[in-house]
Amino acid sequence: MGAGPKCRFCRSDLEHTFVDLGMSPLCESYLKADELNRMEPFYPLHVYVCEDCLLVQLEEYVSPESIFTEYAYFSSYSDSWLQHAKEYVEMVTQRFGLNTQSRVVEVASNDGYLLQYFVAKGIPALGIEPAENIAKVAIEKGIPTLAKFFGERTASELAREGKYADLLVGNNVLAQVPGLNDFVKGMKTLLKPQGIITMEFPHLVRLIEENQFDTIYHEHFSYFSLISVERIFAEHGLTVFDVEELKTHGGSLRIFLRHTEDTSGPIDQRVQHLRAKEEAYGLKKLEIYFSFSEKVKETKQRLLNSLIEIKQKGKSIAGYGAPGKGNTLLNYCGIGTDFLDYTVDLNPYKQGKFLPGTHIPIFHPDRIQETRPDYLLILPWNFKEEIMNQMSYIAEWGGRFIVPIPVAKVCT
Ligand SMILES: [Zn+2]
């Protein structure tokens, strides 16, 4: 084995590039005004695919401690995400007969956006959230939360206290785990013999198919297909028994798992169907992974062409949103204040700050009404319907929306 990067799951050498987005700052490192003239760290966004287990992954350039201990993302700021969480809680409570005797544990529970619905039903819940500022918000809302990273050690501590989970939930966390094997081992440890795990994560097929290269950032270490994720969990004695395709985050999978020793129920046909679909799409061969880089370059060219055309007509453009993915997009495409006058975000934590790398200022959404930009570039395109509804008043002055992904498109 060489001295280069190794697969975080199977330890094979990583020799094949999935996509190389160059150098980029950490996408959640929003800057204060007095930090603008300082040196800013940039790290490679070079994504590999493992030839042996087909896990698409980024090297760990930055430790999770430095990223996640004070994280700016508060889940509760999106209405549609809250709705998604609420519907999930209804579904899973009914399907698995959860009640006041059950215990639900959520890993990366954020501000309690999801667990609050279990607590409201009287179902005991425990959140595990490494970002202390966010865990504090959850605790203040009455949701028991441990400010810790999850892995085998935390799982064993909880197991020693008898705090096993009937339902173990992990939404949009698997991608953010550098020590993937330790994390999945911890899930195995904490799960009751008849317990259920559900995990949600963006689906690699959607990423490739819809050019979602902006969902690649340093905080996302891995990018999963059903094929790759099944193999990882199987290695740790957990079996996928059902899977759903969701529309969230541009297209996600929700997988349902139980102990491999637990043969009490059937494996839903949907698992076999999706596995076959991924195989037909080519995910078991390297070619499909190699084709992605060219698509990304084309997407960049299309977006820049649209923006240049608009600017040459003397029109103004503002951004909507300051999500992590927006920072990958803007930095990779080289879009700064030469194109976007500013962006806005509902999250007060981000207002008054500047985007990393591009230094585009972030304001409260009221700024749109005040300055009446001709175009609004929607950075969190996964919420585009919600945003276009909310901001429909820009039509009053002839304002139009630009959706950058999968290909730049102007909408009214
Ligand atoms: Zn591998």
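Which residue takes a positive phi just after helix 12? Select Gly334, which follows directly on helix 12 and has a positive phi of about 70 degrees; helices here are DSSP runs of H or I with at least four residues, strands are DSSP runs of E with at least two, and both are numbered from the N terminus.

Before going further, note that this is a predicted model, in which local features need pLDDT of at least 70 and side-chain atom pairs count only at pLDDT 80 or more, while totals for chains, interfaces and linings use all residues. Residues are numbered from 1 along each chain as its sequence is written, and side-chain values use heavy atoms, with hydrogens and water left out.

**Helix 12 and the loop beyond**

Now select helix 12 itself (324-333), where 10 of its 10 residues are buried, buried meaning under 20% relative accessible area, exposed over 50% and partly exposed in between, with a 1.4 Å probe and protein chains only. Among these buried residues are Lys325, Asn327, Asn331 and Cys333. If you display the surroundings, the elements that cover the buried residues of helix 12 include strand 1, strand 2, helix 11 and strand 15 (375-378), where contact means heavy atoms within 4.5 Å.

Continue to Thr337, in the loop between helix 12 and strand 13 (343-344), which is partly exposed with a relative accessible area of 46%. Leaving aside neighbours within four places in sequence, Thr337 is in contact with His359, Ile360 and Pro361. The C-alpha atoms of Thr337 and Ala318 are separated by 9.4 Å, with their positions 19 residues apart along the chain.

**The open sheet**

From strand 13, extend the selection to the six strands that form an open sheet in the order 14-13-12-15-16-17, with mixed pairing; two strands pair if DSSP finds at least two bridges between them. The edges are strand 14 (362-363) and strand 17 (409-411), each of which pairs on one side only. Strand 13 and strand 14 run parallel and are joined by two bridges, and Thr343 can be found opposite Ile362 in strand 14.

**The zinc site**

Next, select the zinc ion and its protein donors, Cys7 (SG), Cys10 (SG), Cys50 (SG) and Cys53 (SG), which lie 2.3 Å from the ion. Donors are N, O and S atoms within 2.8 Å of the metal (3.2 Å for Na, K and Ca), and because water is not among the atoms, sites may look incomplete. The four donor atoms subtend angles of 100 to 119 degrees around the zinc ion, which makes the arrangement tetrahedral, a label given to four donors if all angles lie between 85 and 135 degrees. The donor residues follow the spacing C-x2-C-x39-C-x2-C in sequence. Cys10 belongs to the segment before strand 1 (16-24) and Cys50 to the loop between strand 2 (43-49) and strand 3 (56-58), so this pair ties together parts that are 40 residues apart in sequence.

Colouring by accessibility shows Cys7 buried at 0% and Cys50 buried, also with a relative accessible area of 0%, whereas Cys10 counts as partly exposed at 25%. A search for disulfides, defined as pairs of cysteine sulfur atoms within 2.5 Å, finds zero in the structure.

**The nonpolar cores**

Select Phe18 and Tyr289, the residues with the most contacts inside the largest nonpolar core, which has 62 residues. Such a core is a set of buried Ala, Val, Leu, Ile, Met, Phe, Trp, Tyr and Cys residues joined through side-chain atoms within 4.5 Å. Helix 11 (residues 292-312) gives the largest share of this core, six residues. A second, separate core of 43 residues includes Leu14, Met187, Leu226 and Ile255. Returning to Tyr289, its contacts beyond four places in sequence are Phe18, Val49, Leu54, Val56, Leu204 and Leu283.

**A hairpin and His203**

Move to strand 10 (residues 238-246), where seven of nine residues are buried. Strand 10 pairs with strand 11 (residues 252-259) in the antiparallel sense over eight bridges, and Thr239 stands opposite Arg258 in strand 11. The two strands form a hairpin with five residues between them, and His249 in the turn has a positive phi of about 50 degrees.

End at His203, in the loop between strand 8 (191-202) and helix 7 (204-209), which is buried at 3%. Beyond four places in sequence, the contacts of His203 include Leu226, Glu245, Gly251 and Ser252.

Methods: Four donors count as tetrahedral if all angles lie between 85 and 135 degrees; four count as square planar and six as octahedral if opposite donors are over 155 degrees apart and all others between 65 and 115; anything else is irregular.
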